[in-house]
Every structure is written in C-alpha cells, then in structure tokens.
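Hello,

Here is the structure I said I would pass on. Please open it first, then read my notes below.

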Amino acid sequence: MPSSGSTLYIKPEETAGNPLAKLQEALSACIQCGTCTASCRNACLMDHTPRRLWRMVLMGDTESVFHSRTFALCSACYYCTLRCPRGLALTDAMDTLKQMAASRNVAEYRPNARFYGSFMESVRRHGRVNEMEFMQKYFILMKNPLTPIQFTPLGIKLLRKGKISLWPGKSKAEHPLDDLFRRVAELEAEK
Ligand code: SF4
Ligand code: SF4
C-alpha cells in the first residue's frame with residue numbers, strides 16, 4: 001500500500017552526521033524496479049531518473065544527490081508514490097530533499113527556493129497569488145538582469161491569453177492568511 005504519511009521531516013540537528021540517514025531508512029525497501037521512473041512525466045527533463053536518485057540516496061552519495069536537479073523538477077503529482085510496488089513515500093522523499101536543499105542553501109536549488117518563497121509571500125499578503133508582485137520579488141531576489149528577459153516571452157503569452165493581469169485585484173484585508181501561515185509554522189516546529 002502506498003504510504004499516506006506526511007512529508008518526511010528531518011531536523012537540522014538530525015542531519016549532522018549523515019544527512020541522508022532518514023531517507024535511506026525510508027527508502028531501504030526499494031528494489032530498483034524503475035516503476036517510479038516509468039511513471040514520472042518529468043523524468044525526461046531530470047538529470048538523474050527517480051530510480052537512480054533513490055539509488056544515489058541509498059549509496060549515501062550526498063554530493064551528487066544535492067547537486068542533482070531531479071528533486072527540484074518533481075511536480076509532486078504522486079504518480080510514482082501510487083505505483084511503487086514497495087509502497088514507498090516517494091513524493092514525500094522528493095519534498096524532503098527540496099526542504100533540505102533550501103535549508104542548506106544549495107546553490108543549484110537557490111532559484112527554486114526563491115521562486116517558492118516569493119510565491120508564498122504573495123499568497124500570504126493577498127490570500128491569492130498576485131502574479132506581478134510575485135515575479136517582481138523573484139526577479140529582485142535573483143539579482144540577475146537576464147532573469148526577467150528569460151521570462152518575457154512567457155509573460156507576454158500569459159498576458160495575451162488573459163491568464164495574468166498587470167493590475168492586481170484588491171484583497172479585502174492585508175495578510176488574510178496570516179493565522180493559517182502561523183499555524184503551519186507552529187506545526188512544523190512541533191515535528
Ligand atoms: S518504484 Fe519503488 S521499488 Fe521501484 S525503483 Fe522506484 S522506489 Fe524503488
Ligand atoms: S511525484 Fe515527482 S517524481 Fe513522482 S512521478 Fe510525480 S513528478 Fe515524478
């Protein structure tokens with residue numbers, strides 16, 4: 001049965017010796033069948049397939065694991081988790097790697113962490129994402145003048161299709177989700 005447990009959470013103090021120890025435990029039943037890779041729509045974009053990433057985790061190849069783009073490209077569709085014959089919590093494991101890479105400020109993961117951070121800050125402020133504010137914040141954090149240029153064709157396409165607006169709708173209250181965000185932070189701290 002696929003695991004329905006919550007994200008594997010690893011506290012920084014637990015990662016001092018072997019940062020992958022908890023993940024190795026969680027993935028120890030992997031039989032390297034490759035079903036996760038065959039199920040993953042994003043595998044063709046990843047530098048290592050999911051199956052290979054789990055092998056690297058089990059082998060304790062920390063350097064290669066955190067320099068890989070595989071977990072960053074996981075879109076959390078849960079398909080591999082549903083199909084893994086050993087019922088392993090693979091999407092949670094991907095999420096754990098994202099959290100660890102963000103907390104360790106891994107260079108390859110930094111753009112993703114800034115992207116997610118800007119997105120969530122906008123959601124927190126408005127109760128929904130304000131695309132323009134979110135992207136502006138992301139561009140400022142990236143400190144690279146080429147980043148906005150890279151996103152320009154996509155932005156024009158989305159504007160033309162009416163998917164984003166230049167003018168943000170006004171939310172009724174500033175920070176309407178503050179309580180929710182605070183509660184999640186408390187729950188994370190309790191883990
Ligand atoms: S589907 Fe499960 S058992 Fe098979 S390789 Fe992937 S993680 Fe391992
Ligand atoms: S949860 Fe991530 S790794 Fe698994 S199939 Fe979906 S995108 Fe691929």
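What follows is a short tour, from the overall fold to the two ligands and a pair of helices.

Please keep in mind that this is a predicted model.

**Overall**

The protein has 10 helices and 0 strands. Read along the sequence, the pattern is therefore simply α-α-α-α-α-α-α-α-α-α. Of its 191 residues, 21% count as buried. Take the contacts with a separation of 6 or more: 61% of them join residues 24 or more positions apart.

**Ligand 1**

There are 14 residues around ligand 1. Which come nearest? They are Cys30, Cys33, Thr35, Cys36 and Cys84. Two elements, α2 (35–39) and α3 (50–58), give two or more residues each to this shell. By class, the shell around ligand 1 holds 9 nonpolar, 3 polar and 2 charged residues.

**Helix α3**

α3 deserves its own look. Its buried residues include Pro50, Arg51, Leu53, Trp54 and Val57. Why do they lie on the same side of α3? Because they cover an arc of only 160 degrees around the axis. The partners they pack against are α1 (21–26), α2, α4 (62–67), α5 (79–83) and α6 (90–103). Just after α3 comes Gly60, with a positive phi of about 75 degrees.

**Ligand 2**

Ligand 2 also has 14 residues around it. The nearest are Cys40, Cys74, Cys77, Cys80 and Thr91. Here the elements that give two or more residues to the shell are α5 and α6. α6 gives the most, with 3 residues. The shell around ligand 2 divides into 10 nonpolar and 4 polar residues, with no charged ones.

Both α5 and α6 have come up already: the buried residues of α3 pack against them.

**Helices α7 and α8**

Further along the chain, look at one helix pair. Two packed helices are described by the angle between their axes and the distance between the axes. For α7 (residues 110–126) and α8 (residues 131–142), the axes come within 9 Å and cross at roughly 145 degrees. The crossing of α7 past α8 is right-handed.

Which residues meet there? From α7 come Pro111, Arg114, Phe115, Ser118, Phe119, Glu121 and Ser122. From α8 come Glu133, Phe134, Lys137, Tyr138, Leu141 and Met142. By class, this contact has 7 nonpolar, 2 polar and 4 charged residues.

Best wishes

Note on methods. Residues numbered from 1 in each chain as written. Chains lettered and ligands numbered in written order. Predicted model: local features only at pLDDT ≥ 70, side-chain atom pairs only at ≥ 80, totals over all residues. Near = placed C-beta within 6 Å. Helix = DSSP H or I, 4+ residues; strand = E, 2+ residues; numbered from the N terminus. Nonpolar A, V, L, I, M, F, W, Y, C, P; charged D, E, K, R; others polar. Buried ≥ 20, exposed ≤ 12 C-beta atoms within 10 Å, placed from the backbone. Arc of directions from axis to C-beta. Contact = placed C-beta atoms within 7 Å. Axes fitted to C-alpha atoms, helices over the stretch in contact; angles between N-to-C directions. Left-handed = near helix turned anticlockwise from the far one by under 90°.
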